[in-house]
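Here are my notes on the model you sent over. I've put them as numbered points so you can go through them with the structure open.

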Amino acid sequence: GVDQKNSLHHIVGKVSEILGVQVKFVEESVGEKAQKAAKELQPGEVLLLENLRFHSEEENGDEEFAKKLAGLADIYVNDAFGTAHRAHASTTIVANYFEDKCLGALLAKEIDSLE
């Protein structure tokens, strides 16, 4: 369930500072507001969605939840080495719905290190 202590809205300012652009935030992970915000993004804009952990469907690897997440983007980038092995909706399952998918720099570095 929703726990404001773990909301990602707390990090919007710092992420904006690091990226050098004002990050837009939607207080949901999936749904009409998230879809509208994703659809309205212009080149160079960044959208941060609310914490996926607020949804039981995330940890359960729910296919429908993963489809909804996939509908918000064109490309899937996994850069979460620490969670890449989990069969969660936002990692293993969502990747099934993207033709274009790749590794992020951190995950690539970890794989190179293992090799």
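1. Let's start with a side-chain pair: how far apart are N and O where Glu40 and Lys36 meet in a salt bridge? The answer is 2.6 Å. Bear in mind that this is a predicted model, so the distance is a computed one. Glu40 and Lys36 both sit in helix 2, and because they are four residues apart there, about one helical turn separates them. Glu40 comes out as partly exposed, at 44% relative accessibility.

2. Helix 1 has a comparable pair. Lys14 and Glu17 join their side chains in a salt bridge, at 3.3 Å from N to O. These two are three residues apart in helix 1, so again we're talking about one helical turn, roughly. Lys14 is partly exposed, with a relative accessible area of 48%, while Glu17 counts as exposed at 57%.

3. Next, a salt bridge that reaches between elements. Lys24 pairs with Glu45, and their closest N and O atoms are 3.2 Å apart. Lys24 belongs to strand 1 (residues 23-26), whereas Glu45 is in the loop between helix 2 (32-40) and strand 2 (46-49), so this pair ties together parts that lie 21 residues apart in sequence. Both partners are partly exposed: Lys24 has a relative accessible area of 37%, and Glu45 has 31%. In total the structure holds five salt bridges.

4. Glu58 deserves a look of its own. This residue, in helix 3 (residues 56-59), is buried and yet has no salt bridge. Which side chain of opposite charge is nearest to Glu58? That would be Arg53, 5.0 Å away; the cut-off for a salt bridge is 4 Å, so the pair doesn't qualify. Setting aside neighbours within four places in sequence, Glu58 is in contact with Leu52, Arg53, Phe65, His88, Ala89 and Ser90.

5. Two of those contacts, Phe65 and Ala89, lead straight into the largest nonpolar core. That core has 11 residues, including Phe65, Ala66, Leu69, Ala89, Ile93 and Phe98. Helix 4 (63-70) and helix 5 (89-95) are the elements that give two or more residues to this core. Apart from it there is another core, of five residues, with Val26, Ala34, Ala37 and Leu72 among them.

6. Ala89 is worth clicking on too. Beyond its neighbours within four places in sequence, Ala89 is in contact with Glu57, Glu58, Gly61, Asp62, Phe65, Ala66, Leu69 and Val94.

7. A small one: is Ser16 buried or exposed? With 8% relative accessibility, Ser16 counts as buried. Ser16 lies in helix 1 (residues 12-19), and its contacts outside the four-place window are Val21, Gln22 and Val23.

8. Finally, the chain as a whole. There are six helices and four strands, and along the sequence they run α-β-α-β-α-α-β-α-β-α. The radius of gyration is 14 Å, close to the 13 Å that the globule rule gives for 115 residues, so the chain is as compact as a globular protein of that length. The C-alpha trace spans about 40 × 35 × 30 Å along its principal axes. Buried residues make up 30% of the 115, and of the contacts with a separation of 6 or more, 56% link residues 24 or more positions apart. The accessible surface comes to about 7,700 Å², and carbon and sulfur atoms account for 52% of that.

Conventions
Residues numbered from 1 in each chain as written. Predicted model: local features only at pLDDT ≥ 70, side-chain atom pairs only at ≥ 80, totals over all residues. Heavy atoms only, no water. Buried < 20%, exposed > 50% of the residue type's maximum accessible area, 1.4 Å probe, protein only. Contact = heavy atoms within 4.5 Å. Lys, Arg positive; Asp, Glu negative; His and termini not counted. Core = buried A, V, L, I, M, F, W, Y, C linked by side-chain atoms within 4.5 Å. Rg over C-alpha atoms; globule rule 2.2 N^0.38 Å. Areas by Shrake-Rupley, 256 points an atom, 1.4 Å probe, with all protein chains shown as cover.
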